[in-house]
Amino acid sequence: MLLTLTVEQRVLLHLWDTPLGENPWEGRPELTQAGVSKAVGIARKHLPRTLKKLRQKTQIHEETRHVAGAKQRCRVYCLSNEGRQAASELIDELHKRIVKFEGNEVEVKSLHNH
């Protein structure tokens, strides 16, 4: 099902599911370009174009923070209010999709924790 989503949509879902955290100094590796590209299944060199589009739509914020395991501060990404709204609408749409599960057609929402 992820293959039916655009890269932008997959980035929004990943950032929705991976919050920035409360500490204003510390970032998570999953929120760096390397972490996001791994999570959404694209090469790291292709991600900046998508991130630029999302920044232009004001759906994400970019910050520089300390990331565990990195030698220097890294850029990390998080959703803006507009990005949270877009991700929320996307999740609602995905929950309504019908899929086959164990021979039956069911809504994705009923499988959310599977």
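The following paragraphs go through a predicted model of one protein, from its overall layout to its sheet, helices, core and cysteines.

The confidence values come first. The mean pLDDT of the protein is 89, and 95% of the residues score at least 70. Among the elements, helix α3, residues 47-56, has the highest mean pLDDT, 96. The lowest mean, 82, belongs to strand β4, residues 98-101. Where pLDDT is low, the predicted coordinates should not be read in detail.

The protein has four helices and five strands. Along the sequence they follow the pattern α-β-α-α-β-β-α-β-β. The C-alpha atoms fill a box of roughly 50 × 30 × 30 Å along the principal axes. Of the 114 residues, 36% count as buried. Among contacts between residues at least 6 apart in sequence, 49% join residues at least 24 apart.

The sheet is a convenient place to start. Three strands make up an open sheet, in the order β1-β2-β3, with mixed pairing. The edges are taken by β1 (26-27) and β3, each of which has a single partner strand, so one side of each is left without a neighbour in the sheet. Strands of a sheet pair through backbone hydrogen bonds, either parallel or antiparallel. Here β1 and β2 run parallel and are joined by two bridges. On that side of the sheet, G27 stands opposite V67 in β2.

The other pairing is antiparallel: β2 (residues 60-67) and β3 (residues 74-79) are paired over six bridges. One residue pair to look for is T64 with its bridge partner in β3, R75. The two strands form a hairpin, with six residues between them. In the turn, G69 has a positive phi of about 90°.

The loop between β2 and β3 also holds R73. With a relative accessible area of 47%, R73 is partly exposed, because it falls short of the 50% that an exposed residue must exceed. Not counting residues up to four places away in sequence, R73 touches T64, R65 and H66. The C-alpha atoms of R73 and T50 are separated by 22 Å, with the two residues 23 apart along the chain.

The helices come next. Helix α3 lies across β2 and β3 and runs at about 125° to β2. Helix α2, residues 33-40, has the buried residues Q33, G35, V36, S37 and V40. An α-helix has 3.6 residues a turn, so residues three or four places apart point the same way. The buried residues of α2 pack against α1 (7-17), α3 and β3. After α2 comes G41, whose phi is positive, near 80°.

These packing contacts lead to the interior. The largest nonpolar core has 19 residues, and V11, L15 and I60 touch the most other members. Two or more residues of this core come from each of α1, α2, α3, β2, β3 and α4 (81-95). The largest share, four residues, is that of β3. V11 can be followed in more detail: leaving aside neighbours within four places in sequence, V11 is in contact with V36, V40, L47, T50, L51 and L54. Of these partners, V36 and V40 are also among the buried residues of α2. A second core, separate from the largest one, has five residues, including L5, L90, I91 and L94.

The cysteines remain. A search of the whole structure finds zero disulfides. For C74, the closest cysteine sulfur is that of C78, 15 Å away, which is too far for a bond. The cut-off for a disulfide is 2.5 Å between the sulfur atoms, so a separation of 15 Å rules out a bond between C74 and C78. From the other side, C78 is in no disulfide either, and the nearest cysteine sulfur is that of C74. As for accessibility, C74 is partly exposed, with a relative accessible area of 22%, whereas C78 counts as buried at 12%. The two residues fall into separate classes because the limit for a buried residue is 20%.

How values were computed: Residues numbered from 1 in each chain as written. Predicted model: local features only at pLDDT ≥ 70, side-chain atom pairs only at ≥ 80, totals over all residues. Heavy atoms only, no water. Pairing = 2+ DSSP bridges. pLDDT = per-residue confidence, 0-100. Buried < 20%, exposed > 50% of the residue type's maximum accessible area, 1.4 Å probe, protein only. Contact = heavy atoms within 4.5 Å. Core = buried A, V, L, I, M, F, W, Y, C linked by side-chain atoms within 4.5 Å. Axes fitted to C-alpha atoms, helices over the stretch in contact; angles between N-to-C directions.
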